[in-house]
Amino acid sequence: MLQIQWVFICILLLTTGCATFSESSHKTRSADLQKGVGITTSPLSFNKTLHYSSAVYSPAAFIEHKNPKAFKSYVAINLHNEPFAQIRKDLQKQLGIKLQSRGESHITVITPPEYDQILKKRIGIQELHSLAKKRSLQLTPFKLLCVGKASLPTGEAVDSTYYAVVSSEGVFSFRKEVQKLFVERGGRALDFNPDLFYPHVTLGYTKRDLHFEDGVRKDASTCAFQLKEN
């Protein structure tokens with residue numbers, strides 16, 4: 001019921017900046033998550049090395065994603081894949097199905113459509129990567145809230161994708177800095193909304209990964225599995 005209400009509110013407020021609630025929705029749903037709202041499955045375990053605040057946390061190397069082909073350039077926080085592969089393995093056991101995956105893990109910060117369709121007109125991809133290095137984007141603190149699920153009917157079948165929902169103020173701060181640079185270069189602030197974003201780590205999918213362009217919002221309102229540190 002909570003998810004339906006949220007979608008209804010977003011539809012009503014879409015033209016007046018509903019997207020600015022994206023980060024606050026993480027906090028609200030996170031509080032509900034502590035009470036187990038809407039989650040009936042067994043928690044999935046994850047390695048404590050995924051805790052940014054952990055003494056054993058070790059960031060992966062930063063990777064520049066730049067490709068002249070359409071929708072191949074983006075900015076992301078690269079992550080060690082092994083811990084997320086373990087989450088996917090436990091998830092598959094509970095689901096009783098085999099999920100497809102890319103064999104790597106990351107938190108996208110600037111999406112391919114955002115770069116190709118908006119930012120590219122004013123900022124080059126190399127400049128975005130240089131800014132990411134300057135701001136130590138790779139060291140941005142983040143927290144895993146849960147494992148979410150999104151589905152989309154495709155004919156007689158249903159495509160589903162599973163992902164770790166992420167909370168990170170640093171990610172939104174970086175996006176706001178990108179918006180500022182975009183505006184300084186002559187872009188319109190409304191063309192790139194830094195708050196219209198749902199940070200996550202894709203774990204796997206049945207046929208293909210679903211994105212915001214498919215009508216999917218990968219936020220805490222889609223939590224389907226709790227996470228616990230093993």
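User: What makes the contact between R102 and D209 a salt bridge?

Analyst: A salt bridge needs a side-chain nitrogen of Lys or Arg within 4 Å of a carboxyl oxygen of Asp or Glu. For R102 and D209 the N to O distance is 2.8 Å, so the pair fits that definition. Their positions link distant parts of the chain, 107 residues apart. Bear in mind that this is a predicted model, where local features need pLDDT of at least 70, side-chain atom pairs count only at pLDDT 80 or more, and totals for chains, interfaces and linings use all residues. Residues are numbered from 1 along each chain as its sequence is written, and side-chain values use heavy atoms, with hydrogens and water left out.

User: Why is D209 called buried?

Analyst: Buried means under 20% relative accessible area, exposed over 50%, and partly exposed in between (1.4 Å probe, protein chains only). D209 has 6%, so it is buried. R102 has 41%, so it counts as partly exposed.

User: Why does R188 count as exposed?

Analyst: Its relative accessibility is 54%, and the cut-off for exposed is over 50%. R188 forms a salt bridge with D191, their closest N and O atoms being 2.8 Å apart. D191, at 33%, counts as partly exposed.

User: How do you know that K133 and E64 form a salt bridge?

Analyst: Their closest N and O atoms are 2.6 Å apart, and the limit is 4 Å, so the pair qualifies. K133 sits in helix α5 and E64 in the loop between β1 and β2. Together with K66, these two residues are linked in a network of salt bridges.

Key
Helix = DSSP H or I, 4+ residues; strand = E, 2+ residues; numbered from the N terminus.
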